Amino acid sequence: MLSFMFYLNKPIQTQKVLYIQQGSINKIIAHLHIQNKQISKLDAFILRIIGSPQSGWINMGTRLNTKADFLYKLTHAKAALQDVTLIPGETTYVFLRQLATSLDLSISKLEYEFYKQTPFKEGAFVPDTYSIPLGISEKNLIKLLLKVSSSTMRSTSMKIFGTYNKTKWLHYLSIASIIQKESANIEEMPIISSVIYNRIKKGMRLQMDGTLNYGKYSHIKITPRRIKEDKSMYNTYIHRGVPVLPICNVSLDAIKAAIFPHKTDYLYFMKNKNNVHDFTCNYSTHLLNIRRVTKRNKN
């Protein structure tokens, strides 16, 4: 009995927030043992007496608990959740800073984990509202977001192509990110997509301002000076084709538009007074649209 009481009062150090998968007690303990050697088969025996662990995110309260507290929290505690929304078109640079502020996390650790865990430097997250456990570590947060996003992308690719090719998918993400930045609404997306493909087919530079709204420039107005001075791969005024990496995180609507563009002859578009775009096939009409907007802005 004394040995048993001693065991229950032994300290155990874990993550402040743990994720418990569904399964039998033995399976859960085996999974936890892989992550923490302090967890043993005896814990499975004790859990059969006090109750089964809950599935989902478990708040341990602190990183250091007694074995008794640890086992009790596995069966009774739940982590508080906070909703965090990634809007379509937002860059990872901005989103990670929103996460750091909302969840009181380290931005340097978030960026380190992001670049360590993902092959995509941008466009790796699917815009959505995520319920995030309070107290989650930077490593586990990035792991969670990437797992959900990767699953969604893979599932979408399988439905469309019957397979998932990372290189091919990354290319469509890059096109979709331009569509996302340039479109005034979802209805315009397949038309914007057609302009991109039409210009590439004719050997024209894309010359789209939205490609310069990458990273920390996500919400910065593009000026002639910026177009002239930006030498990055994202500047479609000086580089031909689509940037090899996405500019931002994109919606499934934008991805579908990148894969299924409308069939048009449009080569130009200009935002009108209703904040949607006028599409044209020839440059002379496009110039008239530009003059019309310039005149309106002066007035």
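## Ground rules

Helices and strands here are DSSP runs, helices being H or I stretches of at least four residues and strands E stretches of at least two, numbered from the N terminus. This is a predicted model, in which local features need pLDDT of at least 70 and side-chain atom pairs count only at pLDDT 80 or more, while totals for chains, interfaces and linings use all residues. Residues are numbered from 1 along each chain as its sequence is written, and side-chain values use heavy atoms, with hydrogens and water left out.

## The largest pocket

Let's start with the open spaces. A pocket is an open set of points on a 1 Å grid over the protein atoms alone, with protein on both sides within 12 Å along at least five of seven lines; a cavity is a set of points where a 1.4 Å probe fits but cannot get out; and lining residues have an atom within 4 Å of a point. Points are joined across faces, edges and corners, and a volume is the space filled by probe spheres set on them.

The largest pocket comes to about 1,200 Å³. It has 34 lining residues, and those closest to its centre are Glu182, Asp209, Tyr237, Phe269 and Met270. Helix H12 (283–298) gives the largest share of that lining, with seven residues. H8, helix H9 (189–201), helix H10 (224–229) and strand S7 (268–271) are also among the elements that each supply at least two residues. Sorted by class, the lining has 15 nonpolar, twelve polar and seven charged residues. For that sorting, Ala, Val, Leu, Ile, Met, Phe, Trp, Tyr, Cys and Pro count as nonpolar, Asp, Glu, Lys and Arg as charged, and the others, Gly among them, as polar.

## The second largest pocket

The second largest pocket has a volume of about 900 Å³. Gln15, Val17, Trp57, Ser137 and Asn140 are the closest to its centre, out of 32 lining residues. H7 gives the largest share here, eight residues. Strand S2 (17–20), helix H2 (25–35) and helix H6 (107–117) each put in at least two as well. The class split is twelve nonpolar, eleven polar and nine charged.

## A closed cavity

How many cavities of 30 Å³ or more are there? The count comes to one, and the space in it is about 40 Å³. Its lining is made of Ser157, Phe161, Thr163, Tyr164, Asn165, Lys168, Trp169 and Tyr172. Helix H7 (138–161) and helix H8 (166–182) each supply at least two of these, and H8 has the largest share with three. By class, that's four nonpolar, three polar and one charged.

## Aromatic rings around Phe114

Rings of Phe, Tyr and Trp (its six-membered ring) pair if their centres lie within 6.5 Å, with planes under 30 degrees apart called stacked, over 60 edge-to-face and the rest tilted. The whole structure has eleven such pairs. One of them joins phenylalanine 114 and tyrosine 115, edge-to-face at 5.2 Å centre to centre and 75° between the planes. Phenylalanine 114 also pairs with phenylalanine 125, and that pair is tilted because the centres are 5.3 Å apart and the planes sit at 50°. This second pair links distant parts of the chain, with phenylalanine 114 in helix H6 and phenylalanine 125 eleven residues away in the loop between H6 and strand S6 (129–133). Phe95, Phe114, Tyr115 and Phe125 make up one aromatic cluster.

Buried means under 20% relative accessible area, exposed over 50% and partly exposed in between (1.4 Å probe, protein chains only). Phenylalanine 114 is buried at 0%, and phenylalanine 125 is buried too. Tyrosine 115, at 46%, is partly exposed.

## Phe279 and its neighbours

Phenylalanine 279 sits in strand S8 (residues 277–280) and counts as buried because its relative accessible area is 16%. Leaving out residues up to four places away in sequence, it touches Glu188, Ile191, Ile192, Val195, Tyr266, Tyr268 and Phe269, where contact means heavy atoms within 4.5 Å. Its C-alpha atom is 7.6 Å from that of leucine 267, twelve residues apart along the chain.

## Cysteines and odd backbone angles

A search for disulfides (cysteine sulfur pairs within 2.5 Å) finds zero in the whole structure. Cysteine 248 is buried at 0% relative accessibility, while cysteine 281 is partly exposed at 40%.

Aspartate 104, in the loop between helix H5 (92–103) and H6, has a positive phi near 55° without being a glycine. Its relative accessible area is 71%, so it is exposed. Asparagine 275, in the loop between S7 and S8, also has a positive phi, about 60°, and is exposed at 52%.
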